[in-house]
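Me: I'd like a close look at one part of this model, with the contacts around it spelled out. Please keep it chatty, but give me the cut-offs as you go.

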Amino acid sequence: MNKVWWKILGSVLVIYTAIAGLLLGVPRLPILNESIRNLYFHVPMWFAMIVLFSISVFYSVKSLSSKSEIDDIKAVESVNAGIIFGLLGLVTGAIWAKYTWGQFWSFDPKQNFAAISVLLYFAYLILRNAIDEEQKRAKISAIYNIFAFPMMVVLLFVLPRLKDSLHPGNGGNPGFNSYDLDSRMRMVFYPACLGWILIGYWVYTIRFRIRSIEVKQQAN
């Protein structure tokens, strides 16, 4: 039970937010209208991605000192899981943009920098596949990952604030405040963030176990 409680919690929270997110009331705001419900799905994807990339950079730093193949596998599989949620964040954001801004991709600075941040980690995977020697691959990709993480943070949270943007919280455009995100939405939004982070971590652990089995079979 100690190993599965968080999986059960994550599943329950995601199911709860999916149902409550569609059925509970939301503030009636101009332009956003009912599309504000996408907040429960769009933003948690980015939180899950950032947590997974944080795990990855932790194991990249650790692998440089430990030289452990296990640490290297954990680093790459957390990136693989994180990219899934990054892509989901881009897709849910594009759908939301269609209903509020009029088109799926308006080349808004937030959209552009978010896409670049995901591409950074695609480049990480491409770099790994381009190097055959295991220790060299682990070392070079770990160094790349350590630099990619702060670049991702800058792309997502710093640069968009310096540009004019339609996205809430950027370029002088106010983010969701206590008026927009009322108590009804908070009851769904916070559990959604926690739930998707736990699901993201679950995906990472599954990928890690599969990869570990493949490595053992190759060794035999």
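How many salt bridges does the count come to? After that, walk me through α2: which residues in α2 meet residues in α6?

Reply: The count comes to 4 salt bridges, a salt bridge being a side-chain nitrogen of Lys or Arg within 4 Å of a carboxyl oxygen of Asp or Glu. Some ground rules before α2: this is a predicted model, in which local features need pLDDT of at least 70 and side-chain atom pairs pLDDT 80 or more, while totals for chains, interfaces and linings use all residues. Numbering runs from 1 along each chain as its sequence is written, and side-chain values use heavy atoms, with hydrogens and water left out.

Now for α2, which covers residues 39-66 (helices are DSSP runs of H or I, at least four residues, and strands are E runs of at least two, numbered from the N terminus). Its partner here is α6, residues 183-219, and the two pack at about 40° with axes 8 Å apart. Those axes are lines fitted to C-alpha atoms, for helices over the stretch in contact, and angles run from 0 to 180 degrees between N-to-C directions. The angle makes α2 oblique to α6, since under 35 degrees counts as roughly parallel, over 145 as roughly antiparallel, 65 to 115 as roughly perpendicular and the rest as oblique. The crossing of α2 with α6 is right-handed, meaning that the near helix is turned clockwise from the far one by less than a right angle (anticlockwise is left-handed).

As for who meets whom, α2 brings Leu39, Tyr40, Val43, Pro44, Met45, Phe47, Ala48, Val51, Leu52, Ile55 and Tyr59. On the α6 side you'll find Arg184, Met185, Val188, Phe189, Ala192, Cys193, Trp196, Ile197, Gly200, Tyr201 and Tyr204; contact means heavy atoms within 4.5 Å. By class, this α2 and α6 contact has 20 nonpolar, 1 polar and 1 charged residues. The nonpolar class is Ala, Val, Leu, Ile, Met, Phe, Trp, Tyr, Cys and Pro, the charged one Asp, Glu, Lys and Arg, and the others, Gly among them, are polar.

α2 also deals with α5 (residues 134-158): the axes come within 9 Å and cross at roughly 150°. This crossing is left-handed. From α2 come Met49, Ile50, Phe53, Ser54, Ser56, Val57, Ser60, Val61, Ser63 and Leu64, and they meet Lys139, Ala142, Ile143, Asn145, Ile146, Phe149, Met152, Leu156 and Phe157 in α5. The class tally for α2 with α5 is 13 nonpolar, 5 polar and 1 charged residues.

What sits at either end of α2? Asn38 is in the loop between α1 (5-23) and α2. At 16% relative accessibility, Asn38 is buried (buried is under 20% relative accessible area, exposed over 50%, partly exposed in between, with a 1.4 Å probe and protein chains only). Setting aside residues up to four places away in sequence, Asn38 touches Thr92 and Trp96. In the loop between α2 and α3 lies Lys67, a residue with a positive phi of about 60° although it is not a glycine. Lys67 is exposed, at 64% relative accessibility.

Back to salt bridges. Among them is Lys62 with Asp71, at 3.9 Å from N to O; Lys62 is partly exposed at 37%, whereas Asp71 is buried at 5%. Another joins Glu77 and Arg207 at 2.7 Å, N to O. Glu77 lies in α3 (residues 69-100) and Arg207 in α6, so this pair ties together parts 130 residues apart in sequence. Here too there is a buried partner, Glu77, at 5%, while Arg207 is partly exposed at 32%.

Arg207 turns up again around Ala81, a residue of α3. Ala81 is buried, with 0% relative accessibility. Ignoring neighbours within four places in sequence, Ala81 is in contact with Leu52, Gly200, Val203, Tyr204 and Arg207. That list includes Leu52, one of the α2 residues that meet α6. The C-alpha atoms of Ala81 and Ser56, 25 residues apart along the chain, are separated by 9.9 Å.
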